[in-house]
Amino acid sequence: MKTSLKYIFLLLVLTVLGCKEEEQEKPKVTYRDTQTEAIKRDTTQIKIADLPIQMDGTNYLLHPIGDVRVYNGSGSKFSYGSSSTSRVSYAISNYDRYEITGYLNNIYIQHLDSTTTKPLTTKAVVIQSATYLYSMAEKTKRQMLIYTLSDLDTNKDGKLDSNDINSLYISEISGNDFMKLSPDYQELIDWNLIESKNRLYFRTKEDSNKNGDFDKDDAVFYYFVDLMDKEWKLNEYKPFD
């Protein structure tokens, strides 16, 4: 009896270990001597927009754009024309005061006096957050958005998602001057606004040892951007020697 229990326990341990191995995160960077593969679009997904959002004190509406997956009652996928829509969620983003979060593939922007919208970008991206710098706008009258997003298929799996490197972007509230701040292939760690100096500080990490993962042996970089510069530029700094 004891032998049987030990055998069952061993099977359970092996099963748990196997599940943990399967749950390990995929490397965010893959190095291959091949051309960049085209990003695959999931044809089962449906493009949809959330209701527009207006940040306090601005003259623009922001329309978050994303994809939703549609399922029938049994959990399997079905086409958009199906009358069974009980498993569809039409919310693709969350809005918390001055920040939009989600997995968006664009934001369409509309001036209050216009009936047309324009896309923030024409390139493939996955936007995870868009933050309005309200305190800076109140102080300087310059209205800006800060974005965290993925813009490169860094793990070369043919698709763009949260498993790729996160980058830092900035734009005016109108969507103009949409530009990347963090260098390519550097993973964004975090960012912080220092209002007294009108600066945006942020940290990134780079896969220095080229093992495809970010670990303690990789380099960390420190940057700031003067938000009042007419043309934003990246400044690297060293907080310690």
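**Stop 1: the open sheet**

Select β1, β2, β5 and β6. These four strands form an open sheet in the order β1-β2-β5-β6, with antiparallel pairing. Bear in mind throughout that this is a predicted model.

Now colour the two edges. β1 (46-49) and β6 (118-119) stand there, each with a single partner strand, so one side of each is left without a neighbour in the sheet.

Stay on β1 and add β2, residues 60-68. The two pair in the antiparallel sense over four bridges. Pick Lys47 and look across to β2. Which residue is its bridge partner there? It is Asp67.

Next, show the side chains of β1. In a regular strand, side chains alternate between the two faces of the sheet. β1 follows suit: Ile46 and Ile48 point to one face and are buried. Lys47 and Ala49 point to the other face and are not buried.

**Stop 2: Ile100**

Move to strand β4, residues 99-104, and select Ile100. Is Ile100 buried or exposed? Its relative accessibility is 1%, so Ile100 counts as buried, the cut-off being under 20%.

Select what surrounds Ile100, leaving aside its neighbours within four places in sequence. Its contacts then include Ile53, Met55, Leu62 and Pro64. Ser93, Asn94 and Tyr95 are also in contact with Ile100, as are Gln128, Ser129 and Ala130.

Put a distance label on Ile53. Its C-alpha atom is 8.9 Å from that of Ile100, and the two residues are 47 apart along the chain.

**Stop 3: salt bridges**

How many salt bridges does the structure hold? There are five.

Start with Lys180 and Asp151. Their side chains meet in a salt bridge, at 3.1 Å from N to O. The pair links distant parts of the chain, 29 residues apart. Lys180 sits in strand β10 (residues 179-180), and Asp151 in the loop between β8 (144-150) and β9 (167-172). Check the surface at Asp151: this residue is buried, with a relative accessible area of 7%.

Keep Lys180 selected and add Asp184. Here too there is a salt bridge, with the closest N and O atoms 2.4 Å apart. Asp184 is partly exposed, at 46% relative accessibility.

Go on to Asp190 and Arg203. Their side chains meet in a salt bridge of 2.5 Å, N to O. Asp190 belongs to strand β11 (residues 186-194) and Arg203 to strand β12 (residues 199-206). This pair also links distant parts of the chain, 13 residues apart. Asp190 counts as partly exposed at 32% relative accessibility. Arg203 counts as partly exposed, also at 32%.

Before leaving, select Lys123, Asp151, Lys180 and Asp184 together. Salt bridges that share partners join these four into one network.

**Stop 4: aromatic pairs**

Show every Phe, Tyr and Trp ring. A search of the whole structure finds twelve aromatic pairs.

Zoom to Tyr132 and Tyr134. This pair is edge-to-face, with 6.3 Å centre to centre and 65° between the planes. Tyr132 is buried, with a relative accessible area of 4%. Tyr134 is partly exposed, with 26%.

Then zoom to Phe224 and Tyr237. This pair is tilted: the centres are 6.2 Å apart and the planes make an angle of 50°. Phe224 lies in strand β13 (residues 219-226) and Tyr237 in the segment after β14 (235-236), so the pair ties together parts that are 13 residues apart in sequence. Phe224 is buried, with a relative accessible area of 14%. Tyr237 is partly exposed, with 26%.

**Stop 5: around Phe224**

Widen the selection from that pair. Which residues form one aromatic cluster? They are Tyr201, Tyr222, Phe224, Tyr237 and Phe240.

Finish by adding Arg199. Its charged end sits over the ring of Phe224, 4.0 Å from the ring's centre. Phe224 therefore makes a good last view: the residue is buried at 14%, belongs to the aromatic cluster and has the charged end of Arg199 over its ring.

Notes
Residues numbered from 1 in each chain as written. Predicted model: local features only at pLDDT ≥ 70, side-chain atom pairs only at ≥ 80, totals over all residues. Heavy atoms only, no water. Pairing = 2+ DSSP bridges. Buried < 20%, exposed > 50% of the residue type's maximum accessible area, 1.4 Å probe, protein only. Contact = heavy atoms within 4.5 Å. Phe/Tyr/Trp six-rings, centres within 6.5 Å; stacked < 30°, edge-to-face > 60°. Lys NZ or Arg CZ within 6 Å of the ring centre and 35° of its normal.
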